[in-house]
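Reader: I am new to this structure and would like a close look at a single part of it. Please take one strand and describe its surroundings.

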Amino acid sequence: MRLRVAPGGPAALKVLAAAGAAAAPVRLVWGDPPERPLASPSAPWLPALELDSGTVLFSPNAICQFFFLARGEEPTDLTNQWLEWEATELQPAASAALYAQLVHGQKGLEALETLGQLLEHIEQDLSRRGTVYLAGDTESVADVVVWGALFPVLQDETSLPSELPALRTWFQNMTLSEACRKAADSVLMPEALLEFKSYLQKHPPPRPAAGRTTSNEPAAQAGPGMGHRGAGGHGHADPHWDQRSPQGEDGSERALTEEEIAAAVAAWARGAAALPKPWRPQKPVLPVQGMRNVLITSALPYVNNVPHLGNIIGCVLSADTFARYCRLRNWNTLYVCGTDEYGTATETKAMEEGLTPQEICNKYNAIHADIYRWFDISFDYFGRTTTPQQTTIAQDIFQRLLARGFLLQDTVEQLRCEDCQRFLADRFVEGTCPFCNYEEARGDQCDKCGKLINAVELKNPQCKLCRAVPVVKTTQHLFLDLPKLEERLEPWLERSLATGDWTANARYITRSWIRDGLKPRCITRDLKWGTPVPLDGFQDKVFYVWFDAPIGYLSITANYTDQWERWWKNPQQVELYNFMAKDNVPFHSVIFPCSLLGADDNYTLVNHLIATEYLNYEDGKFSKSRGVGVFGDMAKDTGIPADIWRFYLLYLRPEGQDSAFSWGDLMLKNNSELLNNLGNFINRAGMFVCKFFGGVVPDMVLTLDDKRLLARVTLELRQYHQLLEKVRIRDALRCILSISRHGNQYIQVNEPWKRIKGDDKDRQRAGTVTGVAVNMASLLAIMLQPYMPSVSLAIQGQLRIPPDCFILSHDFTCTLPAGHRVGTVSPLFQKLENDQVEALRKRFGGGQPEDLAVKPQAKQTHPAPAALGAPGDPRRIQELTEKVAEQGNYVRQLKATKAEKAEVDTEVAKLLELKKQLLEAEGKSPEVPVPKGKRKK
């Protein structure tokens with residue numbers, strides 16, 4: 001490995017310290033910073049690590065993390081949190097403080113002003129944990145990275161206030177360590193600092209308010225994917241635009257620069273003519289030379305059951321949202337999926353329903369297809385694995401593995417049910433998990449701890465078919481020689497993790513498998529329903545589902561086009577995204593890649609592995625048998641449109657941790673975010689055009705406030721792109737809602753319904769505000785399309801947005817110019833009522849106790865004290881807080897639309913009563929509100 005650093009660059013400090021602390025075998029190359037101008041003043045001083053594979057890491061935190069990983073130290077949740085905090089909060093503030101020192105000559109506490117609260121955060125955390133280091137009692141990558149950000153500013157612990165004793169001790173320990181001391185001596189030489197200072201003097205100061213990271217990973221692990229993806233990055237960099245979040249960590253808006261405002265105005269003025277033409281690929285979709293070719297798969301759902309909401313968000317809906325985004329970016333995109341139809345689960349279901357396996361597959365494949373059609377999932381092809389193409393491709397991969405010596409033959413102890421006269425495949429066995437003692441573990445995997453199991457390891461095993469106790473017998477099976485394939489797997493995995501966007505859980509699960517050591521994995525089973533094994537002595541066996549099922553991606557594509565190999569044997573041109581829940585990760589990151597690497601046929605391997613955590617249901621689990629939870633075939637019977645389901649599932653998508661579906665929260669998000677925020681803004685913008693300007697977009701004369709709004713919207717749009725390019729689907733949705741909030745505020749401040757009645761200047765102002773607002777609505781229609789395609793189409797129809805404008809660029813352009821005629825505008829969303837939601841919650845609650853946290857309170861004119869709950873009850877406080885927010889939004893909407901005073905007064909009284917109840921729940925004494933303008937003396 002070669003590490004290139006420039007003396008004087010603060011970013012090099014942490015990298016050299018990490019290399020020393022981890023004893024990394026790197027060849028150090030000192031070099032002068034390049035002369036090319038970059039967006040960030042310190043960018044020329046960023047280090048670069050060139051791996052032996054040719055991959056280059058540019059992010060300092062990623063390089064530090066790589067060194068510690070190479071030493072065998074896996075990241076923990078705590079180290080990841082520190083690394084993300086350093087990148088998003090500490091580093092920008094430290095850069096601002098260093099600029100103040102070097103350029104403005106500030107000294108002591110004056111220069112440290114921007115670091116005050118951040119230093120207190122470190123002090124409090126060290127004191128609370130009582131540990132010597134940030135993440136425990138031993139030094140970790142978090143210590144090196146945080147120290148590296150602070151040392152250029154502090155130099156030694158005496159710079160720190162005496163009120164921070166724990167921080168002073170920690171900082172002194174780090175500074176005196178050999179690795180940190182050598183790094184400081186090497187990097188921060190006086191002559192190098194002078195050169196760095198000279199460079200900084202030519203640039204504006206960095207802003208301390210940091211934005212959030214836009215990576216799948218905590219910041220430290222995000223770096224490998226920055227600026228280097230496959231053959232080249234696909235991000236969008238503009239020197240006029242600061243790439244940070246539109247908001248600081250405290251939620252406040254960051255300041256706009258003059259360059260950002262000017263760039264936004266110029267982009268707006270270029271109009272729709274500057275947009276690229278939408279890419280409309282021929283059918284079938286095939287890779288195109290020179291384009292970004294994106295191949296998307298979602299985990300193949302088992303054919304034997306009906307998917308619930310967690311299954312839907314975990315794979316197909318997440319993949320669909322990203323596929324739609326890719327198409328709007330003019331990326332040549334193919335999205336395939338289908339039902340996984342072979343294996344024990346299918347045989348079991350067929351026995352339960354008295355059908356043949358093929359009949360059960362036909363039945364449930366149709367059910368799945370119908371559900372996904374209702375949810376508006378935009379597969380290019382939805383297939384199945386019970387096809388001749390599956391047999392041909394799976395057997396070819398098998399034969400190639402066999403010919404290259406990657407298969408083993410061994411005798412296996414297997415459970416056999418003497419009552420059923422058959423060997424029991426894994427899913428025909430249940431028992432107690434040998435690892436966590438969960439009593440309903442399957443014979444292949446424990447649903448509680450997630451560990452893979454051999455059925456004979458189960459305690460107290462039972463045959464699922466007859467409940468008899470099986471006996472252990474021997475039988476011959478074939479194994480994939482994973483230890484032998486590891487030397488092929490590891491270099492590929494290193495490249496893919498470094499250059500791709502793998503979610504944090506996918507990285508962790510994969511590394512855990514590698515760290516624990518790979519073992520030969522059985523790929524055959526004693527079943528009849530499956531792909532036959534083409535080898536003498538094994539004709540009575542079939543391929544195990546986890547060898548066979550991922551090959552379904554290939555065979556489904558082969559059913560779509562006979563040119564399937566242009567996608568699946570073309571890693572030079574194709575980027576592969578796999579979407580799944582976290583329990584499927586090892587099969588996609590280790591076992592299936594090993595099969596394809598061993599087959600040695602230039603297969604396309606996964607570049608980006610996107611795994612979700614689990615979605616629970618009202619603090620419990622989905623259960624079809626107990627009637628708990630909403631399943632795909634039930635959603636359309638609720639009367640709630642598919643797009644509302646899509647929105648809510650994507651809003652709470654379990655990206656970093658498990659999340660839970662809640663009927664109360666669904667109602668709140670529908671009524672506040674969709675009805676009162678997004679729908680309210682788009683409807684008002686369109687209605688103003690119709691009501692005040694005869695359905696024609698008026699002339700627009702932009703003021704400085706309008707121009708600032710264009711820049712603010714552009715910031716949100718670019719953040720939306722940064723997040724979706726990293727497949728941060730849930731977070732990107734917030735950008736859409738933020739833009740509509742800006743729009744509502746813009747309309748409220750400018751009051752076009754009043755100005756239209758004024759003089760020519762006021763009428764012109766009303767026209768400008770209306771024109772800008774309706775163009776914001778047009779942009780929202782496009783941004784919303786991956787999330788809510790039917791609503792997006794409705795907005796397109798109402799505003800008559802030209803089809804050629806339905807493409808996502810990084811700029812907010814005027815797509816509906818003056819003179820454009822809109823269509824008929826109507827409301828997009830309907831309010832969900834308490835009674836309606838309560839009925840649905842009871843209907844899908846099964847036999848479980850009702851969840852008081854989401855149960856709407858009965859309407860009472862004078863609630864009895866007992867009904868309010870004890871003061872301090874967090875559930876009650878949370879419920880009332882949400883109701884106050886919802887009612888407040890409703891009152892503001894009534895006032896904005898000039899509703900009758902009597903109606904407004906009634907709703908205001910309801911709001912005041914809710915606020916009173918909230919104060920009582922918090923243990924406070926409600927005060928009589930004082931009328932505005934009549935303050936108490």
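Author: What follows concerns strand β17, then a loop residue and a helix pair. The model is predicted, so local features need pLDDT of at least 70 and side-chain atom pairs count only at pLDDT 80 or more, while totals for chains, interfaces and linings use all residues. Residues are numbered from 1 along each chain as its sequence is written, and side-chain values use heavy atoms, with hydrogens and water left out.

Strand β17 covers residues 574-581. Helices (H or I, at least four residues) and strands (E, at least two) are DSSP runs, numbered from the N terminus. Eight of the eight residues of β17 are buried, so the strand is largely enclosed by the rest of the structure. Buried means under 20% relative accessible area, exposed means over 50%, and partly exposed lies in between (1.4 Å probe, protein chains only). Val-574, Leu-576, Asn-578 and Met-580 point one way from β17, while Glu-575, Tyr-577, Phe-579 and Ala-581 point the other way.

Next come the partners of the strand. Two strands pair if DSSP finds at least two bridges between them. Strand β5 (residues 293-298) pairs with β17 in the parallel sense, over six bridges. Strand β18 (residues 608-612) also pairs with β17 in the parallel sense, over five bridges. Phe-579 appears in both pairings: Phe-579 is the bridge partner of Ser-298, and Phe-579 stands opposite Ile-610 in β18.

The loop between β5 and α12 (309-328) holds Leu-300. Leu-300 is buried, with a relative accessible area of 13%. The C-alpha atoms of Leu-300 and Gly-338 are separated by 5.5 Å, although the two residues are 38 residues apart along the chain. Leaving aside neighbours within four places in sequence, Leu-300 is in contact (heavy atoms within 4.5 Å) with residues including Gly-338, Asp-340, Thr-385 and Tyr-553.

On the other side of β17 in sequence is a helix that takes part in a packed pair. Helix α21 (residues 585-599) packs against helix α17 (residues 504-516) at an angle of about 50 degrees, with their axes 9 Å apart. Axes are lines fitted to C-alpha atoms, for helices over the stretch in contact, and angles run from 0 to 180 degrees between N-to-C directions. The contact is made by Ala-506, Ile-509, Thr-510, Trp-513 and Ile-514 of α17, and by Val-585, Pro-586, Ser-589, Val-590 and Ile-591 of α21.
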